Amino acid sequence: MRYLPLTPDDRAQMLDVIGAATIDDLFADVPAAARKSEPFDLPHHAGELEVERELANLAAMNRAAGAGPFFCGAGAYRHHVPATVDHIIQRSEFLTSYTPYQPEIAQGTLQVLFEFQTQVAALTGLDVANASMYDGSTACAEAVMMARRVTRRKKAILSGGLHPHYAATTQTIAHAEGMDIVRQTVAFDAEAAVIAAIDSETACVVVQTPNVFGVATDVTAIAEAAHEAGALLIVVTTEAVSYGLLKSPGEMGADIAVAEGQSIGNALNFGGPYIGLFTCREKLVRQMPGRLCGETVDAEGRRGFVLTLSTREQHIRRDKATSNICTNSGLCALAFTIHLTLLGEVGLRQLAAINHAKARRLAKALGAVPGVEVLTKRFFNEIAIRLPGDATDMVEALLEDGVVAGVPFSRLDPDAGLDDVLLCAATEMTLDEDIDAFAQALSRRIGQ
Amino acid sequence: MRFTKDHEWVSLDGDVATIGITAYAAEQLGDVVFVETPEVGKTVTAGEGLAVVESVKAASDVYAPLSGEVLEANAALADAPETVNQAPEAGGWFAKVRISDPSAFEALMDRAAYDAFLETL
Amino acid sequence: MTMQTVGRPTRPEDVQPLATGFASLTGGRGLLQDEALIFERDGWNKTGVDLPEADLDGSDLGDLARAAPIGLPGLSEPEAMRHYVRLSQKNHAIDLALYPLGSCTMKHNPRLNEKMARLAGFADLHPMAPVSTVQGALALMDRLSHWLKTLTGMPAVALSPKAGAHGELCGLLAIRAAHEAKGDPRRRVLVPTSAHGTNPATAAFVGYSVTEIAQTDDGRVDLADLEAKLGPDVAAIMVTNPNTCGLFERDIIEIARLTHAVGAYFYCDGANFNAIVGRVRPGDLGVDAMHINLHKTFSTPHGGGGPGAGPVVLSEALAPFAPAPWVVHGPEGLTLVEETVGEAAQAFGRMSAFHGQMGMFVRAYAYMRSHGADGLRQVAEDAVLNANYIKARLSGAMTPAFPDGPCMHEALFDDTWLEGTGVTTLDFAKALIDEGFHPMTMYFPLVVHGAMLIEPTETESKQEMDRFCEALLALAQAAKAGDVDRFKGAPYLAPLRRLDETLAARKPRLTWKPSSGVAPAPLAAE
């Protein structure tokens, strides 16, 4: 048992100091009926090699995204992460530290969070960012509930372009908290329809850009309509690299912006851990959920950082807290901020341009396949295409050709009646040959 | 000036009550960092929440000592919450409320009664 | 002989010990460097990556394209490496010394788990990839579920919650859905006064009003008070077991019985499961729902505050209401139930976009397999042994909050022993920093005055615990001897001295802001 330092001698000596005869004496408060005496039907301890073998076998049963042409997006994107990022996040002082409750010996984590908050605020064009949330979808739910606290209204309008899983998460969590969630009909360009639904009861409207079909939208008019009615505009983004090319939520009038930050610094990880980005206008900060890091000075007047405005949080407010959230996504935020620091403005813009160029190439190639219609006109790195048949069947067929073609929309929302729609993303990881292979295989399959 | 057992103070000018927290409360709370003042126009009921005062370590509800309508909130506290510590029973006031029942004011403790009450704590 | 006298001296000169106030000329402190923010290095046009030219033959983005600069600095790779490594050296970490934060369970994080989570078959796996291409990932989730269900003696588990508090929310939503399915929505949730803040926050969040239950003098739920407060409008009780005082709730089975008798559910906060894993099954205690912090009991790294993972085990009564998605065995292998329709119609919804914290699942599973059932039992035993050892060693100098009987995985002290010394719990904790240790959890649980909650975990050696105890005993002696400055000014030797949290909260400065091209004036203490 390589993780346990105590020897049998240590244990005996320690029991002696404690004044207990056996270890069982220390479990004396456990009712007899609850003491598990017979062994569990589970294997006994195993060495590194054995464990490594089992997990390597499981991993080998999966087809990694990098194994061939791969076009899945829909809220999780495959990007290149510099080697430096993974090296730094595995440093003991970052990996094995806790929430920075003792700021004097956690300045590393705290300065990183301060830098992270500043970067995220800049990306979204808003004033303040928190120290991160679990992921984009839970950040979306938290934003909706924050809008309720700000406006003291209960109705949230979710655009039909919002990722269906984000809508479901928000429906589950914000509805539980007592909000009325109005989810609009799913449509490729659903954003315009939001304006007509805004009324004096509306706390917020939630609009995603680029939306789940990849459609990039200028939401300025929606912001104006929301503000006119005293409501907030929440802008959701699931592909953070798009900030490098597209107008920011803040520039378009958003009051709160939330995003999935996985694209920067973090691997696909089969859905988690990811990192929710959360930013808002300065005047709303007291209603913000989650941890916040702020600048201050120490007893000698030197600059330092602390967690601040913590009276919003559960450990002090208890049943009056802004949220029950306790942790953030610290290590994922670290990976995000390191990657973004390596990119810088220059690199992020370039990376975004490459992604856009790849997607344009993909749209062109797929659009040229007879029977395929590219539905998304203005996009960043993801498009929706209409196939002549069921998209799920086509994905299965193309797998035999070695191509992972994308995410059938019906997997995200089986009730939308969009069974022939496929979401396809391209990033800097996508080779031109991958695109050609996809288009050729698709053409062949449709021809059959 | 009148006082409550929840450590609010009230001073009355006509039917307009100015409300804050006592020096004792401010001392107990420690460094005040934020005050959430009520919205102007809001109707408040005696004994219900009027404002929230936050120190670094705690958030405390401030109860309305009297019922009425909020006429004004102390906007200066937004930039200078420390006023609550520095001048709790003067510049650190929270809100001005037009009270509906002036006789309720007289029912609150006077300074001597409040001081005596503090002795019992 | 040849007299070679050139070379560097190899012994320190005889010098007087340095008086206080020594400062280097440039602010450097040996290995510890002052480190400017990334925004203060004039890296506005720098980058640390080499990317190919974008092959853009035009764009239809028009006015959607970003025009204004973002305002992001860049650093070259060597600069970035140095920046983050320098910052890292200002952090305490488990890998440096004992990290006795009670209720947080800071134990060793095996690097095998890191290596496994980075296998391309797990890390480079898309959550919406065709199910036939992710069979190994689903099998891992299935095996993890099996272990969690077996160890807890519970029939079902929802894997998707992303942290402990998220798990609490999941459990209470399942409870709410179960009551609503019976046409009996209820209003109240009972929570002991010693509960972690997330418990009442979660209950209030879900729309329940919170009623506090009193605690007995020996740190347990007051059964009489519980009975008095239970009623037909109570939806659930939330009890942490072992509780936040580090004690096992002796009456836990009776608590469950009373709760069930009024038709309420028993939510157990499993934050302290590490004290009983392998020895006690929560299912045998009458628990209906319990979250398991994989980052505590099963040692996934805390990472400076997350990511965690908070799977929730559920009883038969609550299992039908578990949120999507989950793994099922189908005719063509494993598959995922992702929509709340058909057989899943009672599911209360979805906790997040995808399937949960897969990266944490891999780590936790590797940890479980490494320890095995026998090792996990030893984990609980050593965690409890270590805590009792520390309690025994310190009890002469400090006052245990509950001196009678053993504690579980953490030892709780109050501040009675500091009375009259002028030293507070905070001062004492800060002085511990100068001795090279992370302070214990302070002022929690709230029910104990000036609480100091010490959780060593099972991965501490006796030698390290002795070192820790000796530091505490020496400090206790210093406090009682009137060496107050040692405490009031502490820490002296940390990268920074005590920080002004009042200033941070009064004048929130949450982002770096350029003021006319130069750094803003530093904040001044008031």
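Chain C and chain A together bury about 17,300 Å², and carbon and sulfur atoms account for 62% of that area. The model is a predicted one, and the tour below passes from this interface to the boundary between two domains within chain C.

**Stop 1: the interface of chain C and chain A**

Select both chains and display the residues in contact. On the side of chain C there are 213 such residues, and they meet 189 residues of chain A. Next, display the charged side chains across this interface, where 17 salt bridges are counted. One to centre on joins A:D86 to C:R118, with N and O 2.8 Å apart. Polar contacts may then be switched on: 98 residue pairs, both members at pLDDT 80 or more, are in polar contact between chain C and chain A.

Now select residues 358–394 of chain C, which form helix α9. This helix provides 27 residues of the side of chain C that touches chain A, the largest share. Colouring that side of chain C by residue class shows 113 nonpolar, 55 polar and 45 charged residues.

**Stop 2: the two domains of chain C**

Hide chain A and colour chain C by domain. Domain 1 covers residues 113–368 and domain 2 covers residues 372–494. Their centres, taken over C-alpha atoms, lie 30 Å apart.

**Stop 3: the boundary between the domains**

Select the residues of chain C at which the domains are in contact: 27 belong to domain 1 and 21 to domain 2. The two domains bury about 1,900 Å² between them, with 63% of it on carbon and sulfur atoms. Which three residues supply more than any other three of the area that domain 1 of chain C buries against domain 2 of chain C? They are C:N274, C:A275 and C:R279, which supply 24% of that area.

Keep C:R279 selected and add C:E381. These residues form a salt bridge in which the closest N and O atoms are 2.6 Å apart. The count of salt bridges between domain 1 and domain 2 of chain C is one. Polar contacts between these domains number seven residue pairs, with both residues at pLDDT 80 or more.

For the helices at this boundary, select α4 (135–152) and α9 of chain C. Each supplies at least two residues of the side of domain 1 that touches domain 2. By class, that side of domain 1 of chain C holds 13 nonpolar, eleven polar and three charged residues.

How values were computed: Residues numbered from 1 in each chain as written. Chains lettered and ligands numbered in written order. Predicted model: local features only at pLDDT ≥ 70, side-chain atom pairs only at ≥ 80, totals over all residues. Heavy atoms only, no water. Contact = heavy atoms within 4.5 Å. Buried area = accessible area lost by both parts, 1.4 Å probe. Salt bridge = Lys/Arg side-chain N within 4 Å of Asp/Glu carboxyl O. Polar contact = N/O pair within 3.5 Å; in protein donor to acceptor, adjacent residues only side chain to side chain. Helix = DSSP H or I, 4+ residues; strand = E, 2+ residues; numbered from the N terminus. Nonpolar A, V, L, I, M, F, W, Y, C, P; charged D, E, K, R; others polar. Domains from an automatic or database assignment.
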